[in-house]
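Open the model in a viewer and keep the selection tool at hand. The stops below say what to select and what is there.

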Amino acid sequence: MQPSHFSAVLLFAACVSVVFGITMRDTPRRMLRYGIYCFAMFVGAAIVLSWVMFLIAR
Amino acid sequence: MATPPNRIAPTGRAAARPHAQGGLVYLPLIAGWLVPGAGHFLLRKWGRGALLAASIMGMFVLGLAMQGKLYSNAHDILDVLGLVGDLGNGLLYFLSRALNLGADQVQVTTADYGTRFIVVAGLLNVIAAVDAHNLRTGRKPL
């Protein structure tokens, strides 16, 4: 199995967000919201940092 | 915006912890470490346990599928940290070692991702096991 870097980010973010959501909050609704927040932050940070590195490398 | 973190459990008499009375208090912690999600299953948190098990085992299997490395010995400090992370997977790690799964050396780029997936799965499993322990002792509301 050889996923692209971005696919690996998505898989990583999905798995970690589920665990963070369940363990860091105490009601299902808040777990869901926090899980979605973590997922968005992981993916968003990866995209932003990728662009920063791209611009630095030019 | 992130939701606020868990409320801190009250202290004193108000903090009566019926779940901490009797039984093996550390059983969910140990079971959760050995088998991902088992700590929550013991506390009858079937949904949470299933999601945790799927996420952690999925991450571990994905790591192996990407030809990730399983740390077996520690030559330097980074190897020690990797080994500690891998050990967090509990029986998954020992079973994979017994079956000779996982690459000995990282040879392709995705194998490096896979190695990180396996280490992070172990660390997440420790967090999940501690969460089960907190549920058992009443530090986190059931």
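Helices here are DSSP runs of H or I at least four residues long, numbered from the N terminus. With that numbering, select B:N100, which sits in the loop that joins α5 and α6 of chain B. Is B:N100 buried or exposed? B:N100 counts as exposed because it has 8 C-beta neighbours inside 10 Å; the cut-off for exposed is 12 or fewer. Add B:V84 to the selection: it is 16 residues from B:N100 along the chain, and the two C-alpha atoms are separated by 19 Å.

**Confidence**

This is a predicted model, with an ipTM of 0.91 and a pTM of 0.87. Colour chain B by pLDDT. Its average is 86, and 86% of the residues score at least 70. Among the elements of chain B, α3(B) has the highest mean pLDDT, 96, and helix α4 (residues 77–87) the lowest, 92. Then select residues 11–16 of chain B, where pLDDT stays under 50 and the model has two contacts beyond four places in sequence. Where pLDDT is low, the predicted coordinates should not be read in detail.

**Chain A**

Hide chain B for a moment. Chain A has two helices and zero strands. Its C-alpha trace spans about 45 × 25 × 10 Å along the principal axes. The radius of gyration of chain A is 14 Å, whereas a compact globule of 58 residues would have one near 10 Å. Buried residues make up 26% of the 58 residues in this chain.

Select helix α2 of chain A, residues 28–57. This helix of 30 residues reaches 43 Å from its first C-alpha to its last, close to the 44 Å expected at 1.5 Å a residue. Which residues of α2(A) are buried? They are A:M31, A:Y34, A:G35 and A:C38. An α-helix has 3.6 residues a turn, so residues three or four places apart point the same way. Show α1 (5–24) of chain A as well, as it is part of what covers the buried residues of α2(A).

**Chain B**

Bring chain B back. It holds six helices and zero strands, and from the N terminus on its elements run α-α-α-α-α-α. Of its 142 residues, 42% are buried. Among contacts in chain B with a separation of 6 or more, 74% are between residues 24 or more positions apart.

Start with helix α1 of chain B, residues 27–34. Its buried residues are B:P28, B:L29, B:A31, B:G32 and B:W33. These buried residues of α1(B) pack against α2 (38–42) and α6 of chain B.

Next select B:G122, in helix α6 of chain B. Why does B:G122 count as buried? B:G122 is buried because it has 27 C-beta neighbours inside 10 Å, and the cut-off is 20 or more. Leaving aside neighbours within four places in sequence, the contacts of B:G122 are B:G85, B:D86, B:L87, B:G88, B:N89 and B:Y93. Check the distance to B:G85: the C-alpha atoms of B:G122 and B:G85 are 5.2 Å apart in space, with their positions 37 residues apart in sequence.

**Where the chains meet**

Show both chains and select the residues in contact between them: 25 residues from chain B and 19 residues from chain A. On the chain B side, α3 (46–65) and α6 (109–137) each supply at least two residues. The largest share, nine residues, comes from α3(B). By type, the side of chain B that touches chain A divides into 17 nonpolar, five polar and three charged residues.

**The largest nonpolar core**

The last stop is the largest nonpolar core, which has 36 residues. Which of its residues touch the most other members? Select A:V19, B:I56, B:M59, B:F117 and B:A121. At least two residues of this core come from each of α1 and α2 of chain A and α1, α3, α5 (91–98) and α6 of chain B. The largest share, eleven residues, comes from α6(B).

Finish on B:F117. Not counting residues up to four places away in sequence, B:F117 touches A:F12 in chain A. In chain B it touches B:M59, B:L62, B:G63, B:M66 and B:G68.

Conventions
Residues numbered from 1 in each chain as written. Chains lettered and ligands numbered in written order. Predicted model: local features only at pLDDT ≥ 70, side-chain atom pairs only at ≥ 80, totals over all residues. Contact = placed C-beta atoms within 7 Å. Nonpolar A, V, L, I, M, F, W, Y, C, P; charged D, E, K, R; others polar. Expected span 1.5 Å × (residues − 1). pLDDT = per-residue confidence, 0-100. Core = buried A, V, L, I, M, F, W, Y, C linked by C-beta atoms within 7 Å. Rg over C-alpha atoms; globule rule 2.2 N^0.38 Å.
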